[in-house]
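I opened this one cold and kept notes as I went. Here is what I looked up, in the order I got to it.

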Amino acid sequence: MSFEPAVLREVSLFKLFDEDELRELCQHVEERTFVAGQTIFHVGDSGGELYVVMSGAVELFILDPEGRRAQVGAIEQGEVFGEFSLFDGEPRSASAVAIGPTVTCCVDRNDLALLFEKKPHAAFDILAVLVHEFRRRTEWLTQHM
């Protein structure tokens, strides 16, 4: 299935992409659907792809030392999860499970490599968004210490 650029236009990670960059990325991504309670990935799994929630919601969680589930995030429509492992190649830092029926758009490392090969500036767009988010979180932490 090929997505229309409008589908990804509102996703924060891709907000600096121009129309050509969005169109190129949409040619490579794929849709994945999950039922309520279905595990999308486990902590420690290899990464290599990120997900955009198109509909539904996803819970990110870890297990504490006593084996209790601790939620570390709730991802809703238009939000991204799984990007850490995509970019750094490290294992998943949390588990992800569909809260209800959920449809995602999956972007893997190869999808981005193809995009960056054809549209190199897109890499700077993503870096700018990631750095902005890092600065925003650093500022928040500074103000709440």
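**Entry 1: two helices crossing**

I started with how helix 2 and helix 4 cross, and the crossing turns out to be right-handed. The model is a predicted one, so I keep that in mind for everything below. Helix 2 covers residues 19–26 and helix 4 covers residues 109–118. I get an angle of about 145° for their packing, and the axes lie 9 Å apart.

Which residues make the contact between helix 2 and helix 4? From helix 2 I noted Glu 21, Glu 24 and Leu 25. On the helix 4 side they meet Asp 111, Leu 112, Leu 115 and Lys 118. Sorting the residues of this contact by kind, I count three nonpolar and four charged, with no polar ones.

**Entry 2: the open sheet**

Next I traced the strands. Four of them make an open sheet, ordered 1-8-3-6, with antiparallel pairing. Which strands stand at the edges? Strand 1 and strand 6 (80–81) do; each has a single partner strand, so one side of each has no neighbour in the sheet. A reminder to myself: strands of a sheet pair through backbone hydrogen bonds, either parallel or antiparallel.

**Entry 3: strand 8 and its partners**

I spent a while on strand 8, residues 102–108. This strand is mostly covered, with five of its seven residues buried.

I then went through its pairings. With strand 1 (residues 30–34), strand 8 pairs in the antiparallel sense over five bridges. With strand 3 (residues 49–55), strand 8 also runs antiparallel, and here six bridges join them.

Which residue of strand 8 is the bridge partner of Arg 32? I found Thr 104. Thr 104 came up again when I looked for the bridge partner of Val 53. One more opposite number for the page: Glu 30 faces Cys 106 in strand 8.

**Entry 4: the cysteines**

Seeing Cys 106 made me check for disulfides. How many does the structure hold? The count is zero disulfides. Cys 105 is in none; its nearest cysteine sulfur belongs to Cys 26 and is 6.8 Å away.

Why is there no bond from Cys 106? Its closest cysteine sulfur is in Cys 105, at 7.5 Å, and that is too far for a bond. The cut-off I need for this step is sulfur atoms within 2.5 Å.

I looked at burial here too. Cys 105 counts as buried because its relative accessibility is 0%. Cys 106 is buried as well, with a relative accessible area of 2%.

**Entry 5: a hairpin**

Strand 4 (residues 58–63) and strand 5 (residues 69–75) run antiparallel, joined by six bridges. I picked Leu 60 as an example and found it opposite Gly 73 in strand 5. The two strands form a hairpin with five residues between them. In the turn, Gly 67 has a positive phi of about 85°.

**Entry 6: Leu 8**

I moved to helix 1 (residues 5–9), where Leu 8 lies. Is Leu 8 buried or exposed? Leu 8 is buried, because its relative accessible area is 0%. Leaving out residues up to four places away in sequence, Leu 8 touches Phe 14, Leu 22, Leu 25, Cys 26, Val 52 and Cys 105. So I meet Cys 105 again, a residue that counts as buried at 0% relative accessibility. I also noted Gly 78: it is 70 residues from Leu 8 along the chain, yet their C-alpha atoms are separated by 7.9 Å.

**Entry 7: two neighbours in helix 3**

Last stop, helix 3 (residues 83–88), where I found Ser 85. Phe 84 has its place in helix 3 too.

Buried or exposed, I asked of Phe 84? Phe 84 is exposed, with a relative accessible area of 54%. For Ser 85 I got 4% relative accessibility, which means that it counts as buried.

Then the contacts, again skipping residues up to four places away in sequence. Phe 84 touches Gly 89 and Ser 93. Ser 85 touches Gly 47, Gly 48, Glu 90, Pro 91, Arg 92 and Arg 109.

Two distances to finish the page. The C-alpha atoms of Phe 84 and Ser 95 are separated by 13 Å, with their positions 11 residues apart along the chain. Ser 85 and Thr 142 are 57 residues apart along the chain, and I get 26 Å between their C-alpha atoms.

Conventions
Residues numbered from 1 in each chain as written. Predicted model: local features only at pLDDT ≥ 70, side-chain atom pairs only at ≥ 80, totals over all residues. Heavy atoms only, no water. Axes fitted to C-alpha atoms, helices over the stretch in contact; angles between N-to-C directions. Helix = DSSP H or I, 4+ residues; strand = E, 2+ residues; numbered from the N terminus. Left-handed = near helix turned anticlockwise from the far one by under 90°. Contact = heavy atoms within 4.5 Å. Nonpolar A, V, L, I, M, F, W, Y, C, P; charged D, E, K, R; others polar. Buried < 20%, exposed > 50% of the residue type's maximum accessible area, 1.4 Å probe, protein only. Pairing = 2+ DSSP bridges.
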